[in-house]
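Take a walk through this fold, sheet by sheet, and end at the ligand. Keep the 3D view open as you read.

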Amino acid sequence: MIPSILPTYNRAPLHFVKGEGCWLWEADGRRFLDLGAGIAVNALGHAHPALVKALTQQAGALWHVSNLYEVDRQQALADRLVELTFADTCFFTNSGTEACELAVKMARKYWHHHGQPERTKILTFEGAFHGRSSAAIAAAGSAKMTDGFGPLLPGFITLPFGDHEAFAEAMKDPEIGAVLIEPIQGEGGIRTLNPACLKGMRTACDATGALLILDEVQCGMGRTGRLFQHEWLGIAPDIMMVAKGIGGGFPIGAVLATEAAAAGMTAGTHGSTYGGNPLGCAVALAALDIIGEPAFLDEVRRKAGLFRQGLESLVAGNPDVYACVRGEGLMLGLACAVPNADVVAAGYAEEVLLIPAAENVVRLLPALTITDAEIAEALTRLEKVALRIRTAKG
Ligand SMILES: Cc1ncc(COP(=O)(O)O)c(C=O)c1O
């Protein structure tokens, strides 16, 4: 008999009932160190007092009004994001997937608006993950996500990740309207695009007029020690997808764009019932107040260095379990020398939560508020994970 929840998830038998900072309490009383943060969502940890306050204050005042009316918190959040980023304009969604939908629509509308409606093709990359809608799975292109869901939304051309020649060749097609890429692939196994590669993409897009769409759903919002990852490279996208950390655990996403890229998006061309609702925007504003502070981002960078150094030692001491460290900032991964599922399972036994990804990687995406002591504790538990696996192997 089919379960009452559609069985699309492989869940671990863990029932968390309370969270605080980097810690989660299981119903049976065990306390887990959460190095996944809801897959890079709880950027400020669980139950951050500033977010709890923003949410409860807003909940007492106003939950929802339609986008038929002015939504003051939404306006304030958009103004703040415009102030802090490359963007001139924002649209709020409820998730990263919806941000992907709009990013694709915006790019196509742009070319329609400019009298070149044939420029519908979008270059995407193997190993990508942009969500689970029809557009997002077509964009990612992997059989794992698309099998049985055809016909797929046409117009996506998937290229090997980091292959300059394939990219340069593909860009010759005059129907290419946009390039969509995660600067660091999350689900794809914490694969960082070579900075020169991303800069080269910017230049190539400028040459043909194609729009550069960055998916910073997982790597953005302070995760790499800058508000957005592309800031490290001194380039800016035309369109950017944001979600996860922006709401610190409250479901909200956004598309940020330049005025030029958004040229086709006039009244009535897109909308959302819940997107930009007062609750989500109040929480996101509170999160941005903290994450957008340069001193906070300095701390993320410092702690990332500390964690990385510890992980390098961990790998050096346990090469039979961990093969290497990947990633940037607090978007880290351990490529495993044993099946990553075994590492995740041993993590459960050692009360530390790790997130599996492609390429036999476990992801470490802790709250950006993780303390030095918690980093030390994470390393201790990862050491115990290795020992447990070694012991089980005999
Ligand atoms: C890079 C990236 N883009 C898009 C998404 C989709 O976001 P959501 O699950 O909020 O729809 C995800 C989710 O994991 C992601 O990691």
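Two strands are taken as paired if DSSP finds at least two bridges between them. The model is predicted. With that in hand, look at G333, which stands opposite R363 in β17. This pair belongs to a longer match: 4 bridges join β14 (residues 331–336) to β17 (residues 361–364). The two strands run antiparallel.

Now widen the view to the sheet around them. It is an open sheet of 4 strands, ordered β13-β14-β17-β16, and its pairing is antiparallel. Which strands stand at the edges? They are β13 (322–328) and β16 (355–357). Each has a single partner strand, so one side of each is left without a neighbour in the sheet. On average, neighbouring strands here are turned by 30° against each other, direction ignored.

Helices pack on this sheet. Helix α10 (residues 294–317) touches β13, β14 and β17. Its direction makes about 165° with that of β13. Helix α11 (residues 340–349) lies across β13, β14, β16 and β17. Relative to β17, α11 runs at about 45°.

Move on to another sheet. This open sheet has 7 strands, in the order β4-β12-β11-β10-β7-β5-β6, and its pairing is mixed. At its edges stand β4 (89–93) and β6 (156–159). Each of them has a single partner strand, so one side of each lacks a neighbour in the sheet. The average turn between neighbouring strands is 20°, direction ignored.

Stay at the β4 edge. There, β4 pairs with β12 (residues 253–257) in the antiparallel sense, over 5 bridges. T89 stands opposite A257 in β12. Helix α3 (residues 72–84) lies across both β4 and β12. Its run makes about 130° with β4.

A hairpin comes next. Strands β1 (residues 16–20) and β2 (residues 23–26) pair in the antiparallel sense over 4 bridges. F16 has E26 in β2 as its bridge partner. The hairpin has 2 residues between the strands, and G21 takes a positive phi near 60°.

Some backbone details deserve a check before any setup. Most residues other than glycine have a negative phi, and most peptide bonds are trans. A40 departs from the phi pattern: its value is near 65°, positive in a residue other than glycine. A40 is found in helix α1 (residues 37–40). The peptide bond from G150 to P151 is cis, with omega near -5°. P151 is found in the loop between α6 (143–146) and β6.

Finally, the ligand. Which residues surround the ligand? They are S95, G96, T97, F129, H130, G131, E182, E187, D215, V217, Q218 and K244. By class, this shell divides into 2 nonpolar, 6 polar and 4 charged residues.

Several polar contacts can be picked out. An oxygen atom of the ligand is 2.4 Å from an N or O atom in the side chain of T97. At Q218, an N or O atom of the side chain is 2.7 Å from a ligand oxygen atom. F129 takes part through its backbone: a polar backbone atom there is 3.2 Å from a nitrogen atom of the ligand. How much of the ligand's accessible area does the protein cover? The protein covers 83% of the 390 Å² that the ligand has on its own.

Note on methods:
Residues numbered from 1 in each chain as written. Predicted model: local features only at pLDDT ≥ 70, side-chain atom pairs only at ≥ 80, totals over all residues. Heavy atoms only, no water. Near = heavy atom within 4 Å. Polar contact = N/O pair within 3.5 Å; in protein donor to acceptor, adjacent residues only side chain to side chain. Areas by Shrake-Rupley, 256 points an atom, 1.4 Å probe, with all protein chains shown as cover. Nonpolar A, V, L, I, M, F, W, Y, C, P; charged D, E, K, R; others polar. Axes fitted to C-alpha atoms, helices over the stretch in contact; angles between N-to-C directions. Contact = heavy atoms within 4.5 Å.
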